[in-house]
Amino acid sequence: MESEIRYAPSFNSPPSKFKYSLPYNNSVLSSFLTVAENAAAQAQSNRDACARAMTNNENTMSDIMPAFPHMHDSYSPSIVYSTRSLMLSAESAYQAQSSVCEALRSALFIAEEERQKLMERQMLLGAEINDLERKAAELRHRLEMARTNNPAINGDAYAAEEAKRLLSTLEAAYQKHDLSQKIKQHLAETEANLSYLKQAELEARGQMDEISKLAQKAKEEWRLVLQVFQVNPEQFQNQTEAFSALQAHK
């Protein structure tokens, strides 16, 4: 009966845990990355459990049971429980990795929204700056014309008011230019964070594909073990009764 079971090689090289770190600090995005980091650690732990279960199955089937064929019935619970552990660990790894991908997608969405808002604000600022520069040019022209037509205007109240308006307009334009530079820098930082998040999300989806294949393989192994050892899966609906149910089946 042992020959009916074919086990794949052990999963010896699980991917390393991500160490998420944005190029530029952003507390909102970092909160999503914390979720992703914790979920990635859980996925890694469950994948390690898969590797241990696979190794246990392989050692039992390839070394122990052939050496002690009379112990076949005694070792069947070990194979059944190890394979069930493999399946559950693979499913848990899949769920954890799903959380990783979801957290990264959420962070990407927030970053893209932020970039869009910054771009819109930058466009509005550009229009405001252009308007202020146009007004400043008009004020300069009016002040110059007044001085040309009346050389004594320097002491006139009109000239003083025009000069104040010009200075106020130039100050407003300067402040808008300064804000525009800050938004430009923030936009560059957001672009860098977006680039990082896109790469992290791409890698997470790649790992998701690997875990999905592992989970499917684990389910197939479980179905095969149930068939070979003639175990009723309903016995495992209640974990507390699982071992006694299997022993009773023997």
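Which side chain does E191 meet in a salt bridge? The partner is R115, with N and O 3.3 Å apart. We'll come back to that pair after a look around the fold, keeping in mind that this is a predicted model.

Start with the overall layout. The protein chain has 4 helices and 0 strands, so if you walk along from the N terminus you simply read α-α-α-α. Buried residues make up 37% of the 250 residues. The accessible surface comes to about 14,600 Å², and carbon and sulfur atoms account for 52% of that. Now look at who touches whom: among contacts with a separation of 6 or more, 82% are between residues 24 or more positions apart.

Next, the inside. In soluble globular proteins, nonpolar side chains tend to be buried together. Here the largest nonpolar core has 19 residues, and Y20, L29, L33, A36, V100, L104 and L197 are the ones with the most contacts inside it. Helices α1, α2 (72-149) and α3 (157-228) each supply at least two residues of this core, with α2 giving the most, at 7 residues. Y20 is a handy residue to click on: leaving out residues up to four places away in sequence, Y20 touches L33, A36, E37, V100, L104, Y196 and A200. There is also a second, separate core of 17 residues, which includes M87, V225, L226 and V228.

What about the cysteines? C50 is buried, with a relative accessible area of 0%, and C101 is buried as well, at 3%. The disulfide count for the model is 0.

Just ahead of α1 (27-67) you'll find N26, in the segment before that helix. N26 counts as buried because its relative accessibility is 14%, under the 20% cut-off. The N26 side chain reaches the backbone nitrogen of V28 at 3.1 Å. Further along the sequence, N26 touches E114 and N193.

For a contrast, try M123 in helix α2. M123 is exposed, with 64% relative accessibility. Its C-alpha atom is separated by 9.4 Å from that of S180, a residue 57 positions away along the chain.

Now back to the charged pairs. The model contains 10 salt bridges, including the E191 and R115 pair from the opening question. Why does that one tie together parts distant in sequence? E191 lies in helix α3 and R115 in helix α2, so the salt bridge links parts that are 76 residues apart. Both ends are partly exposed, E191 at 33% relative accessible area and R115 at 21%.

Other salt bridges sit within one helix. R205 and E201 meet with N and O 3.0 Å apart; being 4 residues apart in helix α3, they are separated by about one helical turn. R205 is partly exposed at 38%, whereas E201 is buried at 9%. Salt bridges that share partners also join D131, R134, K135 and E138 into one network. Within that group, the closest N and O atoms of R134 and D131 are 2.6 Å apart. R134 and D131 are 3 residues apart in helix α2, so about one helical turn separates them. R134 is partly exposed at 41%, and D131 is partly exposed too, at 29%.

Definitions and conventions. Residues numbered from 1 in each chain as written. Predicted model: local features only at pLDDT ≥ 70, side-chain atom pairs only at ≥ 80, totals over all residues. Heavy atoms only, no water. Buried < 20%, exposed > 50% of the residue type's maximum accessible area, 1.4 Å probe, protein only. Polar contact = N/O pair within 3.5 Å; in protein donor to acceptor, adjacent residues only side chain to side chain. Contact = heavy atoms within 4.5 Å. Core = buried A, V, L, I, M, F, W, Y, C linked by side-chain atoms within 4.5 Å. Disulfide = S-S within 2.5 Å. Areas by Shrake-Rupley, 256 points an atom, 1.4 Å probe, with all protein chains shown as cover. Salt bridge = Lys/Arg side-chain N within 4 Å of Asp/Glu carboxyl O.
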